[in-house]
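Dear colleague,

I am passing on the structure we talked about, and below it you will find my notes on the ligand surroundings and on some of the helix packing. Please read them with the coordinates open.

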Amino acid sequence: MEMKMDIGMVGLAVMGRSLALNMADNGFQVGAYNRSSAVTEQVMRDHPHENLHPYYSLIDLVSALKRPRRVMLMIQAGKAVDTVIEQLIPLLDDGDMILDGGNSFFEDTRRRADYLAQRGIHYLGVGISGGEEGARRGPSIMPGGNPAAYEAVRPILEAISAKAEGQPCCAYIGPEGAGHYVKMVHNGIEYADMQLIAESYLLLKYVGGLTNAELAEVYAAWDTGELRSYLIGITARIFREHDDLTAGELVDHILDSASQKGTGRWASIEALKQGVDISMITTAANARVMSNDLARREQAYRLIERPTGKNPLERTALIETVRQALYTGKIIAYAQGFALLRDASECYGWNLHFGEIASIFRAGCIIQAAFLNDITDAFCKQPALSSLLFDEFFLSRVNKYQNSLRAAATLGISAGLALPATLAAVSYLDSFRARAAGANLIQAQRDFFGAHTYQRIDREGIYHHEWSEKA
Ligand code: 6PG
């Protein structure tokens with residue numbers, strides 16, 4: 001009898017192909033399909049595997065699957081997903097499952113889940129992080145959707161996921177679009193983390209005068225301490241990489257302009273809608289937007305005078321200040337990301353488990369870092385923790401290091417360097433702990449010009465004042 005496939009993979013670009021091979025390595029029979037047959041043939045030529053089987057039409061792929069059928073989509077987020085869903089509907093039966101492993105917008109996932117539920121098909125929005133290497137060797141996986149359907153795909157997803165202290169970095173997140181929402185926030189944190197690292201680089205290079213070789217050493221040293229993380233590790237390696245086209249290190253030949261596919265922007269839009277301040281994530285998305293405007297930056301550089309502040313710190317002190325600032329900035333960025341998740345959990349009724357979410361970020365994903373163990377502990381100890389900044393461990397770190405964060409921000413300001421995420425971190429901290437926020441004056445202004453009313457500190461209720469006419 002013909003062998004039946006455990007799962008069908010639709011889309012064999014880098015991520016789809018790597019996940020399919022990861023599944024095949026784990027003993028699952030994987031049916032592989034790509035819209036263009038040439039891609040399927042190429043994958044089979046480049047990566048022959050006894051458990052990977054090519055199919056050249058969706059109908060052949062679906063017919064080869066064990067029941068209930070499991071089809072995973074690894075295709076470009078957006079319209080293409082809807083198109084393939086429409087092609088799959090007539091081929092699938094009640095109880096079959098479609099998994100979307102791309103970076104789909106969570107509202108699209110919710111809509112698709114509803115639409116398919118009406119047709120008896122389960123739809124799981126599965127956030128996957130870790131890039132190509134993660135997908136191939138073990139990513140962090142954030143599945144959302146019907147819990148019973150998740151149980152049917154769980155053995156595969158857990159098997160292919162990264163492991164942190166022996167535990168799979170894959171956990172059921174919640175219903176509907178919860179998995180993709182968490183992935184969106186993961187990416188938002190990733191943006192902030194990357195921006196903070198880029199700002200530490202600017203300080204070390206332009207204030208401290210460090211060479212690429214010295215930068216590589218600094219980041220490599222940081223990667224052995226409390227900043228230990230995937231992103232710091234690759235940063236150290238980047239500074240060592242020689243250019244293969246000209247002399248020197250590659251980093252100096254790369255255009256100073258970064259693009260984005262949208263997840264950081266989505267997180268910011270959702271945060272504004274929900275009324276949660278994730279300024280560091282928004283700032284990081286904006287920093288990329290500003291970086292793209294190369295011609296105007298050049299023009300402004302010539303026209304707008306630069307401050308001429310001096311750096312008062314000697315090299316070792318500067319490096320330590322920047323390290324502490326980076327660590328503190330990271331804590332605040334994660335506090336913002338988890339605050340957004342807490343609000344979303346209430347807003348959508350998802351009952352998210354923050355300790356578990358942090359725990360699956362410990363390995364496999366782009367933001368994996370040593371301090372995710374501390375975040376996991378914080379939320380496991382106190383599931384109702386209203387802000388990461390109130391956790392005893394993180395509070396002690398912020399109190400210990402916040403002066404360095406302020407010093408780094410000040411160095412950037414006096415040197416005229418763009419450090420928007422570092423500055424946003426300081427601002428957030430001061431807004432978060434503000435006894436005086438100036439909002440009494442804002443209430444008064446609103447009541448003055450629009451009779452919007454105001455609240456008082458000494459009694460309950462809503463008040464309006466007849467403000468004096470006289471100037
Ligand atoms: C991951 C990454 C991955 C991808 C992002 C990059 O977690 O593996 O986040 O999803 O690299 O799409 O996003 P930008 O193109 O927006 O930087």
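In this predicted model, an N or O atom in the side chain of R288 lies 2.7 Å from an oxygen atom of the ligand. K261 also approaches an oxygen atom of the ligand, here through a polar backbone atom, at 2.7 Å, while for S129 a polar side-chain atom is 2.5 Å from a ligand oxygen atom. There are 14 residues around the ligand, and those that come nearest are S129, E190, Y191, K261 and R288.

R288 leads on to the helix packing, since R288 in α12 is also one of the residues in the contact between α8 and α12. The axes of these two helices come within 8 Å and cross at roughly 65°, and that angle makes α8 roughly perpendicular to α12. The crossing is left-handed. On the α8 side the contact is formed by G188, I189, Y191, A192, M194, Q195 and L196, which meet M280, I281, A284, A285, A287 and R288 of α12. By residue class, this contact divides into ten nonpolar, two polar and one charged. Y191, listed above among the residues that come nearest to the ligand, is thus also part of the α8 side of this contact.

Helix α12, which spans residues 279-292, packs on its other listed partner, helix α11 (residues 263-274), at an angle of about 140°, with the two axes 9 Å apart. That angle makes α11 oblique to α12, and α11 passes α12 in a left-handed crossing. Here G264, R265, A267 and S268 of α11 meet I281, T282 and A285 of α12, and the residues involved divide into three nonpolar, three polar and one charged. I281 and A285 of α12 meet residues of α11, and both also take part in the contact with α8.

Helix α8 (residues 178-207) has a further contact, with helix α10 (residues 230-240), where the axes come within 11 Å and cross at roughly 40°. This makes α8 oblique to α10, and the crossing of α8 with α10 is right-handed. The residues that meet are D193, M194, I197 and Y201 from α8 and L231, I232, T235 and F239 from α10, and they divide into six nonpolar, one polar and one charged. M194 of α8 belongs to this contact and to the contact with α12.

With best wishes

Conventions:
Residues are numbered from 1 along each chain as its sequence is written. This is a predicted model: local features need pLDDT of at least 70, side-chain atom pairs count only at pLDDT 80 or more; totals for chains, interfaces and linings use all residues. Side-chain values use heavy atoms; hydrogens and water are left out. Axes are lines fitted to C-alpha atoms, for helices over the stretch in contact, and angles run from 0 to 180 degrees between N-to-C directions. Helices (H or I, at least four residues) and strands (E, at least two) are DSSP runs, numbered from the N terminus. Angles under 35 degrees count as roughly parallel, over 145 as roughly antiparallel, 65 to 115 as roughly perpendicular and the rest as oblique. A crossing is left-handed if the near helix is turned anticlockwise from the far one by less than a right angle, and right-handed if clockwise. Contact means heavy atoms within 4.5 Å. Ala, Val, Leu, Ile, Met, Phe, Trp, Tyr, Cys and Pro count as nonpolar, Asp, Glu, Lys and Arg as charged, and the others, Gly among them, as polar. A residue is near a molecule or strand if one of its heavy atoms lies within 4 Å of it. A polar contact is a pair of N or O atoms within 3.5 Å; within protein, one must be able to donate a hydrogen and the other to accept it, and residues adjacent in sequence count only if both atoms are side-chain atoms.
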